[in-house]
Amino acid sequence: MLKVEHVTKYYGDFRAVNDISFEIKEGEIFGLLGVNGAGKTTTFRMIMGLLDKNGGKITLDGKEIDYSQTDKIGFLTEERSLLLTKTVLEQAIYYGVLKGLTREEVETRLDEYLKEFNIEEYKDKKIKELSKGNQQKIQFILALLHKPKLLILDEPFSGLDPINVEMFKKVILRLKSENTIIIFSSHMMEHIEYFCDSLVILVNGSAVLEGKLSKIKKDYRKKNIKVIGDIDVDTISKIKGVVSVDKKREEYTIKIEDESVTKNVFKALSKCDNITKFVVEEPTLNEIFIDKVGESYEK
Ligand code: ATP
């Protein structure tokens, strides 16, 4: 298990991370979210033992993470850290040997992953000859070569086409099923919703929302009513507790303050003709994120 307990980080007088805590079990995918500058990279770097903290504790299986334990961690970042003039194999040997593997182990594992990612023909090609998406695949493979116990994925789908996104998703789910602890960071909320069991949202280094995604959604007061039919937008908009009424193609989304507003909307709609759909839905993570981050900025 990865445990982050009351961790704080200052750069000079500036507090970049403020007393954050969370834990992630084996086989769980945890979302670390925040706007630009919220403190995500700082948190990753502290977890990897690359940056000292000013307070708190980070442990992997009960042991404080320091440089000696970083062999258990794999990291895929948005920035490319590949050596462009090296071949894929040379690069893999360089990274793999650093992580304590033999050349033979590296080559065997590299072959398996190149096959899984469908790029076997690039083994002896120089990195600079590869497309951006294929370079991203190589970065991902390098993060996995030493079979890390903890895998940190920072915007892993950046630059990938939809087919390759699906391929990455499949591999990530396989790693989850093999009990890898995974931290996933992305600005694409649909990816977080797809993968993450739990999450934290950081604003200015502090956690403004933390917990299980299903509970966060359930507990969130605001809901959306999806309606198809000829509705009187003006009347619905004036109901107390209705935040907005929007239409996308033939479907209306009526945002409400909380579930208690549903009955008044339902009553008003019962006077309308041709209602073929009336469903109360939980808000999307995107809505919750925008709401929570906005609220915190206003404070
Ligand atoms: P992004 O999504 O843009 O990558 P982030 O959430 O990863 O952002 P961090 O890179 O952790 O954010 O930065 C958090 C804050 O700390 C920012 O205000 C940033 O300017 C500041 N910061 C980061 N590194 C340093 C540093 N070496 N010295 C001083 N301030 C820093």
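A polar contact here is a pair of N or O atoms within 3.5 Å. Keep that cut-off in mind for the ligand site below. One more thing up front: this is a predicted model.

**Around the ligand**

Let's start with who sits next to the ligand. The surrounding residues are Y11, F14, A16, V35, N36, G37, A38, G39, K40, T41, T42 and H187. Sorted by class, that shell holds 5 nonpolar, 6 polar and 1 charged residues.

Some of these neighbours make polar contacts with the ligand, and they don't all use the same part of the residue. Here is how three of them line up:

| Residue | Part of the residue | Ligand atom | Distance |
|---|---|---|---|
| G37 | backbone N or O atom | oxygen | 2.7 Å |
| K40 | side-chain N or O atom | oxygen | 2.8 Å |
| Y11 | polar side-chain atom | nitrogen | 3.5 Å |

How much of the ligand does the protein cover? On its own, the ligand has 630 Å² of accessible area, and the protein covers 56% of it. Two elements, β2 (14-24) and α1 (40-47), each give two or more residues to the shell. The top contributor is α1, with 3 residues.

**Helix α2**

Now for another part of the chain. Helix α2 spans residues 88-98, and its buried residues are V88, L89, Q91, A92, I93 and G96. What do they pack against? Their partners are two other helices, α3 (103-116) and α4 (132-144). After α2 comes G100, which has a positive phi, near 95°.

How values were computed
Residues are numbered from 1 along each chain as its sequence is written. This is a predicted model: local features need pLDDT of at least 70, side-chain atom pairs count only at pLDDT 80 or more; totals for chains, interfaces and linings use all residues. Side-chain values use heavy atoms; hydrogens and water are left out. A residue is near a molecule or strand if one of its heavy atoms lies within 4 Å of it. A polar contact is a pair of N or O atoms within 3.5 Å; within protein, one must be able to donate a hydrogen and the other to accept it, and residues adjacent in sequence count only if both atoms are side-chain atoms. Accessible areas come from the Shrake-Rupley method with a 1.4 Å probe; for residues, only the protein chains shown count as cover. Helices (H or I, at least four residues) and strands (E, at least two) are DSSP runs, numbered from the N terminus. Ala, Val, Leu, Ile, Met, Phe, Trp, Tyr, Cys and Pro count as nonpolar, Asp, Glu, Lys and Arg as charged, and the others, Gly among them, as polar. Buried means under 20% relative accessible area, exposed over 50%, partly exposed in between (1.4 Å probe, protein chains only). Contact means heavy atoms within 4.5 Å.
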